[in-house]
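Trainee: I'd like a close look at a single part here, with a bit of the surroundings for context. Could you walk me through it?

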Amino acid sequence: MSKKSKKIIIYKKEKELPPSAISFASMNYNKTGNWRNFRPVINYAKCTSCLICWKFCPEGAIKLKKTKKNNKEVIKPVINYDYCKGCGICWEECPTGAIDIIQEEED
Amino acid sequence: MRKLLIGNHALSYGAKLSRAEVISAYPITPQTEVVELLSEMCASGELKAKFIKVESEHSAMASLIGASAVGVRTFTATSSQGLALMHEMLHWAVGARTPIVMGNINRALAPPWSVWTEQNDSLSQRDTGWMQLYAQNNQEVLDSVIQAYKVAESIDLPAMVILAAFVLSHTSETVEIPDQKKVDAFLPSYKRKYKLDPTDPHAFGGLTNTENYYELRYKIQKAMEKALNKWEEVGKEFEEIFGRKYGLIETYKVSDAKNLIISSATIASTARNAIDKLREKGEKVGLLRIRVFRPFPAKKVRGILNSIDKAVVIDRNIGFGASGIFYQEVKAAMYNEKNTPPIFGVVAGLGGRDVTSKHIIEIYEDTIKKNKPKSDIIWKGLKE
Amino acid sequence: MSLKIPEEEIMSCGNLACQGCGANIAMRHALKALGRNTALIIPACCWSVIDGPFPYSSVNVPVFHTAFAAASSTAVGVKAAFEILKKKTTVVAWTGDGSTYDIGLGTLSGSAERNDDMIYVCYDNEAYMNTGVQRSSATPAGAWTTTTPANYPKKNQKKDIISIMASHRIPYIATASVAYPEDMVEKFKKAKNIKGMRFILIFCPCPTGWKYPPQFTVKLARLAVLSKLFPLLEIEDGIKWKLTKKISRPQPIKEYLQLQGRFKHLKEKDLKEIQDTIDTNWELLLKKLDK
């Protein structure tokens with residue numbers, strides 16, 4: 001995920017607009033995490049680092065966290081809750097049942 | 001170098017001299033010679049352009065919009081049904097601010113099928129935001145393509161150079177072909193500010209809500225208004241380099257005229273002949289030829305009409321349910337003026353019916369007798 | 001473990017795709033395979049909206065939005081211009097089934113016949129989803145849509161777009177499913193290095209239009225392949241057909257159909273008819289395969 005500046009653009013004057021509808025900022029200002037009714041939670045005790053969840057996430061909202069354990073590289077998936085829309089695909093596809101789906105907290 | 005060229009080939013030479021880089025066209029009578037010659041020029045290497053043989057006019061315009069959005073110079077030509085098929089993409093070219101130049105051969109729309117000249121095809125596109133220029137001879141066709149690129153690229157709006165089917169498209173006239181080096185000096189290569197470029201990615205044409213769409217439309221209108229001065233500026237610059245004079249309008253014998261014939265394209269050029277004959281009879285009559293129709297040169301039109309007693313507009317077109325289209329626009333330009341003369345609207349020559357010098361003299365003599373018009377349309381030559 | 005799929009995310013988070021959108025999985029992996037030197041031409045379809053409204057975008061590559069029928073025609077112009085500017089940018093027409101199977105089919109055929117140099121992608125969610133789930137010619141027979149409700153069903157079979165494209169003899173055709181992203185990435189990478197017209201059809205389940213809970217998108221995309229409903233194949237020059245996934249133990253189509261609300265009105269005889277059609281189509285496909 002890019003750590004680009006999360007810019008929101010509001011045009012107040014006609015002169016500020018570009019000559020036509022051209023994009024100048026990223027949609028990553030839009031924290032789609034607030035779409036969730038259910039939240040997936042990874043149980044790292046059961047996670048085998050198969051990375052199937054990372055592979056199938058439609059949003060790319062699962063990051064890969066790389067660490068070194070006993071001189072071996074270990075990759076663990078980490079869910080970015082700012083953007084996770086709660087579709088549940090990772091929960092459904094996880095082959096070891098390492099992902100639980102729980103009710104999202106009330107705001 | 002002087003050559004005997006049909007109007008269609010004048011368009012081809014205009015595109016060639018302007019160094020069009022992507023040409024995308026679909027054949028339609030009476031445009032075919034434009035693209036046939038361009039195809040030969042590309043094949044021989046005389047013109048270094050990519051020629052896309054599209055399967056429809058809709059695709060022709062779509063492909064030029066894509067190419068222009070990357071930042072290259074584009075050209076096509078079409079007529080009647082082809083122009084009508086492109087309609088959706090004509091709007092797209094304007095909204096995407098792509099300075100495409102297109103030759104349109106005015107041909108009557110079907111049904112029924114007709115190949116002869118009438119202006120309804122281009123005039124039904126008058127609200128799209130395309131600039132429109134009506135040429136009266138083949139020299140003007142060639143020269144206007146070059147000028148059109150200069151104006152279009154300065155304001156990022158597309159332009160059509162329009163000529164009459166057969167009367168110009170297939171009629172040979174001597175045309176002075178400008179020197180390529182001089183054209184290059186007059187028309188440098190196209191530089192586009194915001195373009196499709198992976199090193200600077202943007203999305204073009206995304207969903208725009210009520211908060212911003214209005215301002216984007218304002219910008220297009222402002223660009224059209226800027227074009228009014230630009231056409232005059234470019235016309236003067238062209239005259240300095242190539243010796244031929246062009247502007248938004250053209251006048252003939254108006255300095256002492258009491259009455260005016262207003263028209264466009266080939267009817268206007270025939271009208272000169274009629275005016276000379278009328279002048280021999282003692283009539284103080286002049287011609288106002290509207291060359292650039294979009295943007296509409298309202299100020300110029302007012303400048304001529306505010307010292308006139310009577311004017312008659314000859315339209316080779318009709319806005320069904322209203323009246324001739326140049327007539328509507330001239331009247332609208334004069335509406336709030338103090339000294340607006342009675343303006344008569346004549347519809348003639350639809351479907352390619354001949355409008356001769358004799359007809360124009362008759363039109364003039366019939367209308368000038370009257371004090372003011374009784375209706376918005378006077379039909380000339382109807383079989384009654 | 002080595003990842004067969006490139007790690008870098010090119011698409012940003014925060015786009016407007018529905019939860020569990022198959023077309024989102026498709027775009028995410030397509031961009032990983034193709035890289036940043038790519039231009040997307042997007043006609044009217046879900047992705048016209050998913051990418052984000054002006055002045056935002058989420059894909060981080062140049063995007064040109066174009067008219068519904070004008071995807072490949074706009075793309076051929078874009079490609080011609082890049083060639084003139086000596087840029088080797090991959091030009092991709094990214095379209096839905098509406099543009100490909102219906103309104104843009106003539107345009108697509110024109111590009112295929114000219115062998116225009118582009119990757120033409122159709123993410124197929126089997127209806128006009130962006131306008132609220134109306135039927136397209138990609139809608140399977142019997143599926144509910146707003147214009148083919150249970151008492152006014154679509155009787156005609158889904159249009160065989162792959163055969164149509166094959167008959168144009170274009171250099172490369174492939175089908176892909178979002179349940180098999182490694183396969184999809186490999187096909188995109190292969191397509192990237194071929195010149196001429198390349199056509200990739202991606203099977204993209206849609207929770208909104210197919211009426212199922214969003215977590216089953218990948219499962220449905222997998223069942224479609226394993227049930228022989230959606231064969232994963234490649235075709236070279238329109239004549240060498242090759243299965244890229246052999247189905248040794250085909251699944252009955254029932255499980256796939258019963259997971260989706262758009263098929264819940266079907267009777268036993270309808271399910272049998274669908275199974276028979278799948279079996280017949282599969283036999284016909286086997287006959288086409290290159291020996």
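In what order do the elements of chain A run from the N terminus on?

Mentor: Sure, and keep in mind that this is a predicted model. From the N terminus, chain A goes β-β-α-β-β-α-β, which gives two helices and five strands. Chain A is more spread out than a compact globule, because its radius of gyration is 18 Å, well over the 13 Å that the globule rule gives for 107 residues. You can see that in the C-alpha trace too, which spans about 55 × 35 × 20 Å along its principal axes. Of the 107 residues in chain A, 36% are buried. As for the contacts in chain A between residues at least 6 apart in sequence, 69% of them join residues at least 24 apart.

Now for the other two chains, starting with the sheet. It's an open one with nine strands and mixed pairing, in the order 9(B)-3(C)-1(C)-4(C)-5(C)-7(C)-6(C)-8(C)-9(C). At the edges sit strand 9 (203–204) of chain B and strand 9 (240–243) of chain C, each pairing on one side only. Look inside the sheet at strand 1 (residues 38–42) of chain C: it runs parallel to strand 3 (residues 63–65) of chain C, and three bridges join the two. Ile41(C) is a handy marker there, standing opposite Phe64(C) in strand 3 of chain C. Then find helix 1 (residues 22–34) of chain C, which lies across strand 1, strand 4 (90–96), strand 5 (118–124) and strand 7 (197–203) of chain C. Helix 1 of chain C runs at about 160 degrees to strand 5 of chain C.

The loops have some backbone details to check. In chain C, the peptide bond from Phe54(C) to Pro55(C) is cis, with omega near 0 degrees, and Pro55(C) sits in the loop between helix 2 (46–50) and strand 2 (56–57). Chain B has a cis peptide bond joining Pro111(B) and Pro112(B), omega about -5 degrees; you'll find Pro112(B) in the loop between strand 5 (101–106) and helix 6 (120–123) of chain B.

Chain B also has positive phi values to look at. Arg19(B) isn't a glycine, yet its phi is about 55 degrees. Its place is the loop between helix 1 (7–17) and strand 2 (22–24) of chain B, and Arg19(B) counts as buried because 20 other C-beta atoms lie within 10 Å. Asp156(B), again a residue other than glycine, has a positive phi near 55 degrees. This one is in the loop between helix 7 (138–155) and strand 7 (159–164) of chain B, and with 20 C-beta neighbours inside 10 Å, Asp156(B) is buried.

Definitions and conventions:
Residues are numbered from 1 along each chain as its sequence is written. Chains are lettered from A and ligands numbered from 1 in the order in which they are written. This is a predicted model: local features need pLDDT of at least 70, side-chain atom pairs count only at pLDDT 80 or more; totals for chains, interfaces and linings use all residues. Two strands pair if DSSP finds at least two bridges between them. Helices (H or I, at least four residues) and strands (E, at least two) are DSSP runs, numbered from the N terminus. Two residues are in contact if their C-beta atoms, placed from the backbone, lie within 7 Å. Axes are lines fitted to C-alpha atoms, for helices over the stretch in contact, and angles run from 0 to 180 degrees between N-to-C directions. The radius of gyration is taken over C-alpha atoms; the globule rule is 2.2 Å times the number of residues to the power 0.38. A residue is buried if 20 or more other C-beta atoms lie within 10 Å of its own, exposed if 12 or fewer, and partly exposed in between; C-beta atoms are placed from the backbone.
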